[in-house]
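Reader: I am new to reading structures. Can we go through this one by asking what each label rests on?

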Amino acid sequence: MKQKSLIDVLHDTQEEEEKNYLSRNKMIEIAKTTKISETKVYGVSTFYTMFSVYPRGKHIIRVCRNLSCHLSDAEKIAEKLKEILNVDFGETTEDGEFTLEESSCLGMCSVSPAMTIDDEPFGNLVVENISEILLKVKEGSKK
Amino acid sequence: MKIYRIHALICAGAQCIAAGGNGFEEALKNELKKHNIEEEVSVVETGCMGACQLGPLLVVYPEGIMYTNVEAKDAKEIVEEHFLKGRPVKRLMWKKEGEEEFPELKDIPFFAKQTKIVLRNCGLINPEDINEYIARDGYKALAKAVAEMEPKDVIDVVKESGLRGRGGAGFPTGLKWSFAANQDSEEKYIICNADEGDPGAYMDRSILEGDPHSVIEGMMITGYAIGSSVGYIYVRAEYPLAVRRLKMAIKQAKQAGLLGKNIFGTNFSFDMVLMMGAGAFVCGEETALINSIEGKRGEPRKKPPFPAISGLFGKPTIINNVETLANLPVIVDKGAKFFKQFGTEKSPGTKVFALAGNVNISGLVEVPMGTSLRKIVFDIGGGIPEGHTFKGALTGGPSGGVIPMEFIDTPVDYESLPDLGTIMGSGGLIIMDERSCMVDVAKFFLKFTVDESCGKCVPCREGTRQMLKILERITLGRGREEDIDRLEKMGELIKLTALCGLGQTAPNPVLSTLKYFKEEYLAHIIDKKCPAGVCQFSALKEGRKKHEAKIAH
């Protein structure tokens with residue numbers, strides 16, 4: 001069996017980090033331990049959308065932007081999220097709770113529009129319920 | 001074994017959970033406790049039952065009654081009326097608009113008209129318990145293969161069955177295996193491609209969540225056939241539930257002695273590694289996927305050499321899709337003849353489709369190959385929402401095209417779809433009615449490929465971007481007449497020159513909508529109108545105002 005893949009190492013490192021990202025120092029450290037060049041580690045970290053080299057929020061919201069969601073007005077959900085959180089895609093809220101991201105498809109077309117917050121899926125979204133969901137997630141993490 | 005009076009199967013697929021399934025299960029368990037019948041009713045969490053749109057779903061056996069859209073507040077009525085008094089709750093049963101409800105699962109057209117081979121266990125067993133898989137003949141095919149058959153015999157059965165890769169290209173599975181089997185190499189690899197990224201496709205996710213052992217068994221059969229002892233499963237990181245269930249399944253198989261050294265007391269050993277992707281669509285392309293497993297950027301490689309000759313770590317590698325692998329235990333156990341009775345001569349077996357979009361019942365559907373689109377959309381999917389008409393069905397996601405109404409009776413198989421300018425793809429099927437604008441749809445998919453292009457080759461990186469610019473112009477009402485010609489020329493050029501499958505198929509949605517809906521493009525360009533009312537030309541008016549203001553000065 002070969003050694004652990006760099007992708008796995010990056011996943012693990014990012015997960016341990018409170019701000020959900022790969023810091024410069026961590027990437028240099030990974031390069032040293034895996035004996036892969038720093039440029040290559042950076043290259044891989046920036047290729048995949050799930051890795052970030054910038055600090056992110058505690059929770060990552062991924063809004064599905066697939067055609068089935070597009071057909072069922074996912075645009076309005078995205079607008080509402082942007083409005084409540086006061087951020088654009090790729091940005092983190094001031095309190096450091098949420099980062100808003102897009103996903104090409106979450107595979108939940110039958111319950112579109114859909115999104116995930118961290119690992120939890122949310123479907124059949126309506127604009128009215130968005131703030132309630134966000135509040136629940138925020139409170140849940142405080143426990 | 002404990003005997004229960006009632007089995008309550010709750011769908012725990014991601015979509016039912018997303019629709020609020022968690023709350024219902026808790027409420028149901030509380031009600032059972034309250035009435036002290038916990039010992040009489042077994043509550044089982046199953047994988048995807050298929051009718052995702054009507055979820056959360058509950059099926060109650062022995063009657064086989066399906067309840068749809070159940071909410072936490074319905075638990076009381078179900079327990080008190082049905083479980084205690086034996087009076088099923090009609091209010092929550094599956095029904096057609098204004099018609100009588102369907103009492104039993106087997107009478108519901110959505111289920112009755114399907115043929116389940118791949119989804120044989122999905123929605124029936126608890127995917128987190130290996131014993132339930134074994135009870136449904138699980139790992140029987142593996143035992144048969146390693147104990148009674150030579151590797152060559154296994155390849156022959158798969159060749160004879162005519163099974164073709166379900167990832168989209170439809171390459172004969174047995175033939176591909178024989179390439180790797182003939183390679184003289186100490187190390188060979190099996191990869192399960194579970195990087196399902198096509199927008200609109202969720203078949204593989206549902207199989208992994210609902211019946212993970214069928215995929216593991218399929219991989220081990222492949223391993224035995226080609227002489228490999230290590231398998232990699234590469235799953236999208238967007239599917240956390242599938243990852244969790246796979247991890248659990250691998251662990252249980254190891255504990256049961258079905259995975260590891262000297263399986264069934266033979267010389268065959270097999271180990272399995274689960275790897276997560278990190279959000280790159282192009283990694284579904286086999287050579288990009290190999291690079292990703294090796295810890296590199298997911299950029300495709302040049303072919304040849306094909307992976308079956310030189311793949312992962314430079315060794316012979318067989319990459320099969322989730323659905324292909326899930327078919328294998330059935331083929332090995334029941335034989336090629338059994339498998340060939342389904343589907344068409346050149347495309348035997350069944351295909352799972354993820355039905356979505358403007359259709360009455362969206363969800364997971366398995367039908368024999370060659371079934372007409374009409375049957376899938378109207379008989380199984382219940383047709384188009386009332387007051388609207390079918391406009392087109394999109395197969396193959398961003399690599400496919402649109403099938404218009406005039407070809408709705410075409411059999412869906414690997415031969416017929418390319419004739420229409422689309423592809424089978426992995427099984428995403430998005431239905432659109434007259435409210436969808438075809439130019440907007442083409443633009444949507446092109447934007448997707450522009451975002452997901454890895455940037456390695458110029459035709460894909462730059463070509464798709466230029467095509468998108470033209471489409472954006474058209475949807476803003478600034479299109480020019482020569483744009484159509486230009487789109488066609490560039491599309492053909494990209495198809496011919498791009499490095500991998502992603503680029504070579506990227507222009508398909510544009511070319512196919514141009515073929516069948518040219519008048520819609522012309523309406524945007526010449527009349528400055530969007531017949532479906534989707535595209536907003538207000539930006540054009542603003543621009544014109546500015547221009548006029550400029551002239552006035």
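Author: Let us start at a domain border. Between domain 3 of chain B and domain 4 of chain B the count is one salt bridge. This is a predicted model.

Reader: What makes the pair Lys391(B) and Glu520(B) a salt bridge?

Author: Take the distance and the cut-off. The closest N and O atoms of Lys391(B) and Glu520(B) are 3.0 Å apart. The rule asks for a Lys or Arg nitrogen within 4 Å of an Asp or Glu carboxyl oxygen. The pair therefore qualifies.

Reader: What else is found across that border?

Author: Five residue pairs are in polar contact there, both residues at pLDDT 80 or more. On the side of domain 3 of chain B, strand E12 (residues 401-404) gives the most, with three residues. That side divides into six nonpolar, five polar and three charged residues.

Reader: How much area is buried between domain 3 and domain 4 of chain B?

Author: About 880 Å², and carbon and sulfur atoms give 55% of that. In domain 3 of chain B, Lys391(B), Ser399(B) and Val402(B) lose the most area, together 42% of what that side buries. The C-alpha centres of the two domains, 3 and 4 of chain B, lie 23 Å apart. The contact takes 14 residues from domain 3 of chain B and 10 residues from domain 4 of chain B.

Reader: How do you know that Glu71(B) and Lys73(B) form a salt bridge?

Author: Their closest N and O atoms are 3.9 Å apart. The cut-off is within 4 Å, so the pair counts.

Reader: Why is Glu71(B) called partly exposed, and what is Lys73(B) called?

Author: Glu71(B) has 42% relative accessibility. Partly exposed runs between 20% and 50%, so that label fits Glu71(B). Lys73(B) has 61%. Exposed means over 50%, so Lys73(B) is exposed.

Reader: What does the salt bridge of Arg244(B) and Glu128(B) tie together?

Author: First the distance: the closest N and O atoms of Arg244(B) and Glu128(B) are 3.5 Å apart. Arg244(B) lies in helix H11 (residues 240-255) of chain B, and Glu128(B) lies in the loop between helix H4 (109-112) and helix H5 (130-135) of chain B. The pair therefore ties together parts that are 116 residues apart in sequence. Arg244(B), at 42% relative accessibility, is partly exposed. Glu128(B), at 22%, is partly exposed.

Reader: Is Asp433(B) buried or exposed?

Author: Asp433(B) is at 0% relative accessibility. Buried means under 20%, so Asp433(B) is buried. The side chain of Asp433(B) meets that of Arg435(B) in a salt bridge, 2.5 Å from N to O. Arg435(B) is partly exposed, at 40%.

Reader: Why can such side chains pair at all?

Author: Side chains of opposite charge can pair when their charged atoms come close. Over all chains, the structure holds 48 salt bridges.

Reader: How many salt bridges are counted between chain A and chain B?

Author: Zero. There are 18 residue pairs in polar contact between chain A and chain B, both residues at pLDDT 80 or more. The side of chain A that touches chain B divides into 17 nonpolar, 14 polar and four charged residues.

Reader: How much area is buried between chain A and chain B?

Author: About 3400 Å², with 62% from carbon and sulfur atoms. Phe47(A), Leu67(A) and Ser110(A) supply 19% of the area that chain A buries against chain B, more than any other three residues. The contact takes 35 residues from chain A and 59 residues from chain B.

Reader: Why is Ser453(B) called buried?

Author: Ser453(B) is at 15% relative accessibility. The limit is under 20%, so Ser453(B) counts as buried. Ser453(B) sits in the loop between helix H17 (438-452) and helix H18 (458-475) of chain B. Leaving aside neighbours within four places in sequence, Ser453(B) is in contact with Cys460(B), Arg461(B) and Leu502(B).

Reader: What does Thr449(B) touch?

Author: Thr449(B) touches Leu502(B) and Ala506(B), not counting residues up to four places away in sequence. Thr449(B) lies in helix H17 of chain B. Its relative accessible area is 1%, under the 20% limit, so Thr449(B) is buried.

Technical notes: Residues numbered from 1 in each chain as written. Chains lettered and ligands numbered in written order. Predicted model: local features only at pLDDT ≥ 70, side-chain atom pairs only at ≥ 80, totals over all residues. Heavy atoms only, no water. Buried < 20%, exposed > 50% of the residue type's maximum accessible area, 1.4 Å probe, protein only. Helix = DSSP H or I, 4+ residues; strand = E, 2+ residues; numbered from the N terminus. Contact = heavy atoms within 4.5 Å. Buried area = accessible area lost by both parts, 1.4 Å probe. Polar contact = N/O pair within 3.5 Å; in protein donor to acceptor, adjacent residues only side chain to side chain. Nonpolar A, V, L, I, M, F, W, Y, C, P; charged D, E, K, R; others polar. Domains from an automatic or database assignment.
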